[in-house]
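Good morning, and thank you for joining this session. I will take you through one model and pause at the places that I would like you to look at.

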Amino acid sequence: MKVELEADKCVASGQCVVAAMDVFDQDDDGIAILLTEQIGDDQLDDVKEAVAVCPAAAIRLVQA
Amino acid sequence: MRRIAVVGASAAGLSAAETLRREGYDGTITLVGEEPEPPYDRPPLSKQVLAAEWERDRLALRTSADLAALDLDLRLGVAATGLELVSRTVELGDGSEVPYDGLIVATGVRPRRLPGEGAHVLRTLDDALTLRERLRPGQRLVVVGAGFLGAEAAAVAWRLGAEVTVLEPAAVPLAHAVGAEVGRMLAQVHVDRGIDLRCGVTVTEVTEDGVRLAGGEEIEAHEVLVAIGSLPNTEWLEGSGLTVGDGLVCDQYCEAAKNVYAAGDVARWYNPLFGASMRIEHRTNAAEQGMAAARNLLAAEGARKPFAPVPYFWSDQYDMKIQAYGFLRGHDEVAVLEGDLAQRRFVVGYRTGDRVSGALAVGMPPKAIRRWRQAIATGAAWHETVRTGAPAAEV
Ligand SMILES: Cc1cc2nc3c(=O)[nH]c(=O)nc-3n(C[C@H](O)[C@H](O)[C@H](O)COP(=O)(O)OP(=O)(O)OC[C@H]3O[C@@H](n4cnc5c(N)ncnc54)[C@H](O)[C@@H]3O)c2cc1C
Ligand code: SF4
């Protein structure tokens with residue numbers, strides 16, 4: 001699976017980093033950054049959690 | 001469990017429905033929502049939507065394909081009007097009934113209003129589009145209430161060239177929530193831009209020409225926005241036997257009665273992390289509590305988890321982003337932890353008893369904030385964490 005991030009929707013909450021630390025980080029303004037686009041099976045649950053808790057609906061999982 | 005009803009189709013209700021599917025539940029999910037639109041996001045309403053930067057298509061919480069994949073029995077544009085706990089049925093406004101084995105209440109809140117006609121409120125997409133139609137350069141807008149919602153709307157209206165007056169009954173806006181010092185600083189940001197902020201002023205009614213104050217004086221305005229807080233949507237639960245008291249009252253599992261849970265703005269639950277009953281009107285809480293309620297509804301007896309989050313809230317005003325963690329209300333002390341209030345770059349901490357109960361940041365990088373969030377989540381002792389200047393736990 002692939003993660004997509006719409007950075008202009010991001011509100012800098014940091015929820016994605018808490019949910020999936022090895023997939024998301026934040027820049028100095030708090031805006032989310034993707035550390036990787038391709039998601040391994042072992043990361044899938046964490047990224048699904050990030051999609052669910054993101055308060056800006058800025059993260060999507062799509063078939064690679 | 002083969003039939004689950006989720007009432008309220010917004011952030012909390014959607015999150016609950018999605019979580020049910022993620023947890024492998026494959027029975028019927030009936031999602032009932034009074035608004036005709038599919039679930040959309042509210043925070044942008046007082047920001048990008050009001051500023052006419054975003055149109056409605058940017059607000060959808062999920063694409064129609066993602067919604068379809070949830071395989072919902074979706075009932076939009078119809079309200080739940082009653083609940084029968086014994087027969088386990090939700091009654092809808094169109095006369096139909098939804099039988100359930102499990103129920104999640106996520107009906108949110110609605111704006112409090114003032115007597116008189118013609119004022120705007122800001123809760124729904126329609127509200128935002130109606131107000132934005134009227135915000136023109138030179139228009140006189142009176143905002144009643146200097147809370148976060150009123151402050152955001154005032155900031156956008158100012159940017160659009162409106163002449164903005166904000167009327168606030170308290171001596172210092174938001175003092176009860178963030179403390180007087182931070183409240184004064186946040187208010188000053190508006191005053192500096194030329195907003196006419198008047199504190200200690202009580203509005204009694206909306207009139208044809210503006211608003212009337214407690215002393216009888218009238219303030220003229222083309223448009224009036226009332227932003228004086230909200231009321232939980234619990235009327236449909238009256239007579240059901242559920243306990244309602246400023247929200248639907250739940251235990252630490254978000255359970256209101258056997259197999260009946262609540263989530264989001266409407267839910268008043270016991271948060272064991274703070275040892276307090278609370279009702280939180282924050283966007284992230286709606287999603288997190290929707291997840292927690294759904295998981296606990298499906299969980300086997302004894303496998304349920306208490307819902308013990310660190311509440312989180314943000315607000316955007318002009319170029320300033322305010323972020324707050326924890327439960328600030330009723331705090332005993334506020335202290336600057338990092339930075340400087342005057343420079344509008346700081347983290348302040350809130351002490352309740354001897355614990356770090358909250359933190360509020362403006363203009364600070366995420367790392368500076370994250371470690372204070374951690375201190376709140378672990379219930380760090382104030383005297384160990386703050387006096388030494390370093391939080392107990394680094395992240
Ligand atoms: C303008 C605005 C700006 C905001 N900005 C921020 C922000 O910057 N940061 C932040 O953290 N939070 C913000 N919030 C708060 C955040 O949007 C809410 O916490 C969140 O929407 C709560 O979600 P909810 O699903 O619990 O309730 P709601 O979003 O209120 O949804 C409840 C839904 O239930 C429906 N409903 C009500 N009664 C019935 C019934 N009887 N039958 C069926 N359906 C019913 C309603 O129509 C509604 O669609 C903002 C809110 C607003 C209005
Ligand atoms: S959770 Fe969403 S809004 Fe928050 S930082 Fe991540 S992408 Fe941005």
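**Trp158(B) and its surroundings**

Let us start at Trp158(B), which is partly exposed, with a relative accessible area of 31%. Here buried means under 20% relative accessible area, exposed means over 50%, and partly exposed lies in between, with a 1.4 Å probe and protein chains only. Before going on, I should say that this is a predicted model, in which local features need pLDDT of at least 70 and side-chain atom pairs count only at pLDDT 80 or more, while totals for chains, interfaces and linings use all residues. Residues are numbered from 1 along each chain as its sequence is written, chains are lettered from A and ligands numbered from 1 in the order in which they are written, and side-chain values use heavy atoms, with hydrogens and water left out.

Over all chains there are six aromatic pairs. The rule is that rings of Phe, Tyr and Trp (its six-membered ring) pair if their centres lie within 6.5 Å; planes under 30 degrees apart count as stacked, over 60 as edge-to-face and the rest as tilted. One such pair joins Trp158(B) to Tyr318(B), edge-to-face, at 5.4 Å centre to centre and 80 degrees between the planes. It links distant parts of the chain, 160 residues apart: Trp158(B) is in helix H4 (residues 148-159) of chain B, and Tyr318(B) is in the loop between strand E22 (312-317) and strand E23 (320-326) of chain B. Helices (H or I, at least four residues) and strands (E, at least two) are DSSP runs, numbered from the N terminus. Is Tyr318(B) buried or exposed? Tyr318(B) counts as buried, at 16% relative accessibility.

Trp158(B) also has a charged partner, as Arg193(B) lies over its face, at 5.5 Å from the ring centre. The criterion is NZ of Lys or CZ of Arg within 6 Å of the ring centre and within 35 degrees of the ring normal. Arg58(B) lies over the face of Trp54(B) in this sense, at 4.6 Å from the ring centre.

**Further aromatic residues**

Both Trp269(B) and Phe307(B) are buried. Their ring centres are 5.2 Å apart and their planes are at 40 degrees, so this pair is tilted. Trp269(B) is in strand E20 (residues 267-271) of chain B, whereas Phe307(B), 38 residues away, is in the loop between helix H7 (283-298) and E22 of chain B. In addition, Tyr312(B), Trp314(B) and Tyr325(B) form one aromatic cluster.

**Domains and cores**

Chain B is assigned domain 1 (3-110 + 231-298), domain 2 (113-226) and domain 3 (319-385); such bounds come from an automatic or database domain assignment. The C-alpha centres of domain 1 and domain 3 of chain B lie 30 Å apart. Their contact takes four residues from domain 1 of chain B and six residues from domain 3 of chain B, where contact means heavy atoms within 4.5 Å.

Which residues touch the most other members of the largest nonpolar core? In this core of 97 residues, they are Phe24(A), Val90(B), Leu103(B) and Val105(B). A nonpolar core is a set of buried Ala, Val, Leu, Ile, Met, Phe, Trp, Tyr and Cys residues joined through side-chain atoms within 4.5 Å. Domain 1 and domain 3 of chain B each give at least three residues to this largest core. Beyond four places in sequence, the contacts of Val90(B) include Val7(B), Leu103(B) and Trp236(B). Apart from this core lies another, of 45 residues, among them Ala153(B), Val166(B), Met185(B) and Tyr350(B).

**Two arginines with positive phi**

Most residues other than glycine have a negative phi. Arg88(B), however, has a positive phi of about 50 degrees. Arg88(B) is in the loop between strand E4 (80-84) and strand E5 (89-92) of chain B, and is partly exposed, at 38% relative accessible area. Phi of Arg344(B) is likewise positive, near 60 degrees. Arg344(B) is in the loop between strand E24 (333-340) and strand E25 (345-352) of chain B, and its relative accessible area of 26% makes it partly exposed.

**The record**

Finally, an unreviewed UniProt entry lists residues 312-382 of chain B as "domain: Reductase C-terminal". UniProt positions are given in the numbering used here, feature names are shortened, and annotations may be inferred rather than shown by experiment. Residues 312-382 of chain B are 18% helix and 52% strand, with end C-alpha atoms 20 Å apart.
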